[in-house]
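Let's take a walk through this protein together. Have the structure open and turn it as we go.

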Amino acid sequence: MILISLQPFAPRKIFALAAAIICLSTASSFASAIFLSVDSTPYDRQMSRIRPILVSRSVDADGDVSLSLVNQWMGNLREIPYGYHIEWRTPAEVETGAPADCKGKALALYRRMQARGAKNLRLVIGLRAPTSRVTHAWLIWETKHGNYVLDPTFNFMASRAEELDENSYVPLYAYSGGRKFRAATSQLYATN
């Protein structure tokens, strides 16, 4: 006896396909990365010092942040000498001009942009290149004119995400306000 199934797809496959479509439709187009909201990250303990800065909002900000102003801020932060610190430096500590690392410079830029009302801004922890031995911090800014990578440690101005080499700026985790994200490439997500 041969049994024929009237159901063309197994329920498990339908659920997996639906989940993939939903996740891909909400995915960021930045460097083939998908940011999945998570409750915690491995960096949460070190982020406790700067969490108030991440979640603060300017009440009177107009939200009009120009790319030229961001480039000016990046140039100013880029001129601060590099100096690694184990703990995250606050924007006030960075702006004294004392040596600062990528974490401090990215957070200082995040705070300036946030104070002016910038939307769709993420502080990212990841790898500058897949072969990097240490993590790096930068910002991703999604605007109606395109997505930008803001790295005041290495760059004097914003870079359009679409113009970057696909092997640069590999996100691992991101923070935006009080939200936390884990990054996954769309290829890896589709495979799983």
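**A guided tour of the fold**

Starting at the N terminus, the elements of the protein chain follow the order α-β-α-α-α-α-α-β-β-β-β-β-β-α. That gives seven helices and seven strands for the protein chain. Keep in mind that what you're looking at is a predicted model. Of the 192 residues in the protein chain, 42% are buried.

Let's begin with the helices. Two packed helices are described by the angle between their axes and the distance between the axes. Find helix 4, which covers residues 67-78, and then helix 6, made of residues 102-115. Helix 4 and helix 6 pack with their axes 10 Å apart, at an angle of about 150°. Angles over 145 degrees count as roughly antiparallel, so helix 4 is roughly antiparallel to helix 6. As for handedness, the crossing of helix 4 and helix 6 is right-handed.

Now step off helix 4 into the loop that runs between it and helix 5 (91-94). Here you'll meet Tyr 82, which sits in that loop. Is Tyr 82 buried, exposed or partly exposed? Its relative accessibility is 49%, so Tyr 82 counts as partly exposed; the exposed class is for residues over 50%. Tyr 82 also belongs to a nonpolar patch on the surface, together with Tyr 84 and Ile 86. Between them, these three residues have about 410 Å² of accessible area. From Tyr 82, look across to Ala 98: the two are 16 residues apart along the chain, and their C-alpha atoms are separated by 8.7 Å.

Next, the charged side chains. Side chains of opposite charge can pair when their charged atoms come close. Counting a side-chain nitrogen of Lys or Arg within 4 Å of a carboxyl oxygen of Asp or Glu as a salt bridge, the model has nine salt bridges. Some of them join up: Arg 49, Glu 87, Arg 89 and Glu 93 are linked in a network of salt bridges.

Over in the strands, Glu 142 and Arg 122 form a salt bridge, with 3.5 Å between the closest N and O atoms. This pair links distant parts of the chain, with Glu 142 in strand 3 (residues 136-143) and Arg 122 in strand 2 (residues 121-127), 20 residues apart. How do the partners sit relative to the surface? Arg 122 is buried, because its relative accessible area is 16% and the limit for buried is under 20%. Glu 142, at 21% relative accessibility, counts as partly exposed.

Another salt bridge joins the side chains of Arg 128 and Asp 151, at 4.0 Å from N to O. Arg 128 is in the loop between strand 2 and strand 3, and Asp 151 is in the loop between strand 4 (146-150) and strand 5 (159-160), so this pair ties together parts that are 23 residues apart in sequence. The relative accessibility of Asp 151 is 0%, so Asp 151 counts as buried. Its partner Arg 128 is partly exposed, with a relative accessible area of 32%.

Last stop: Arg 160, which forms a salt bridge with Glu 162. The closest N and O atoms of this pair are 3.2 Å apart. With a relative accessibility of 27%, Arg 160 counts as partly exposed.

Definitions and conventions
Residues are numbered from 1 along each chain as its sequence is written. This is a predicted model: local features need pLDDT of at least 70, side-chain atom pairs count only at pLDDT 80 or more; totals for chains, interfaces and linings use all residues. Side-chain values use heavy atoms; hydrogens and water are left out. Patches are made of residues with over 30% relative accessible area and no salt bridge: like charges are joined within 9 Å, nonpolar side chains (Val, Leu, Ile, Met, Phe, Trp, Tyr) within 5 Å. Accessible areas come from the Shrake-Rupley method with a 1.4 Å probe; for residues, only the protein chains shown count as cover. Helices (H or I, at least four residues) and strands (E, at least two) are DSSP runs, numbered from the N terminus. Buried means under 20% relative accessible area, exposed over 50%, partly exposed in between (1.4 Å probe, protein chains only). Axes are lines fitted to C-alpha atoms, for helices over the stretch in contact, and angles run from 0 to 180 degrees between N-to-C directions. Angles under 35 degrees count as roughly parallel, over 145 as roughly antiparallel, 65 to 115 as roughly perpendicular and the rest as oblique. A crossing is left-handed if the near helix is turned anticlockwise from the far one by less than a right angle, and right-handed if clockwise.
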